[in-house]
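Visitor: I should like to understand the reasoning behind the terms applied here. Might we go through them one at a time?

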Amino acid sequence: MALLDGYAIELAMPNLTEDDIHRLSNAIDKMNLAINKLNYDMYYDWESEFHSVYREACDNNVLATLIEDLTRKHFRTGIYDKNRQELAEYLAFVNNDHVEVLRAIENKDVEAAKKQLYLHWVEH
């Protein structure tokens, strides 16, 4: 999963526009709002939006669809065993990964973006 997503961002990086960066930033803001409201479904929707921005920009529909299918299976497992406070703390921690990915994109640093996505999927 981590390597596939890293490849998607590598392909996407030259194609990402200011509008895409705005969409990524907006998704992060909405995820923070969802965390504050303890609204897991809202968080999931905006996290999906965040990742879809660069997956769309990678211009590889097969890769984007494969990652989306794997993500759906991965994301919904293991999260429901946390109580509400643990869930909020976990989502805030994970959302920081999104901030770091956005920072790497803004700096046009492909390797930093790939590394952060790897950490996002493997370690967090």
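**Reasons for the terms**

Guide: In this predicted model, helix 1 has Ala2, Asp5, Gly6, Ala8, Ile9 and Ala12 as its buried residues.

Visitor: Why are the buried residues of helix 1 said to line one face of the helix?

Guide: Viewed along the axis of helix 1, these residues fall within an arc of 155°, so they line one face.

Visitor: What makes the aromatic pair of Phe50 and Tyr54 edge-to-face?

Guide: The search of the whole structure finds one aromatic pair. Phe50 and Tyr54 form this pair, with 6.4 Å centre to centre and 80° between the planes. Ring centres must lie within 6.5 Å, and planes over 60 degrees apart count as edge-to-face; therefore both criteria are met. Both residues belong to helix 3, four residues apart, about one turn of the helix.

Visitor: Why is Phe50 counted as buried, and why is Tyr54?

Guide: Buried requires under 20% relative accessible area. Phe50 has 0% relative accessibility, so Phe50 counts as buried. Tyr54 has a relative accessible area of 0%, and is therefore buried as well.

Visitor: How do you know that the span of helix 5 agrees with the expected value?

Guide: Helix 5 comprises 23 residues, 84–106, which at 1.5 Å a residue should span 33 Å. The end C-alpha atoms of helix 5 are 33 Å apart, so the span agrees.

Visitor: What covers the buried residues of helix 5?

Guide: The buried residues of helix 5 include Leu87, Leu91, Val94 and His98. Their cover includes helix 1, helix 2, helix 3 and helix 6. After helix 5 comes Lys108, with a positive phi near 55°.

Definitions and conventions: Residues numbered from 1 in each chain as written. Predicted model: local features only at pLDDT ≥ 70, side-chain atom pairs only at ≥ 80, totals over all residues. Heavy atoms only, no water. Helix = DSSP H or I, 4+ residues; strand = E, 2+ residues; numbered from the N terminus. Expected span 1.5 Å × (residues − 1). Buried < 20%, exposed > 50% of the residue type's maximum accessible area, 1.4 Å probe, protein only. Contact = heavy atoms within 4.5 Å. Phe/Tyr/Trp six-rings, centres within 6.5 Å; stacked < 30°, edge-to-face > 60°. Arc of directions from axis to C-beta.
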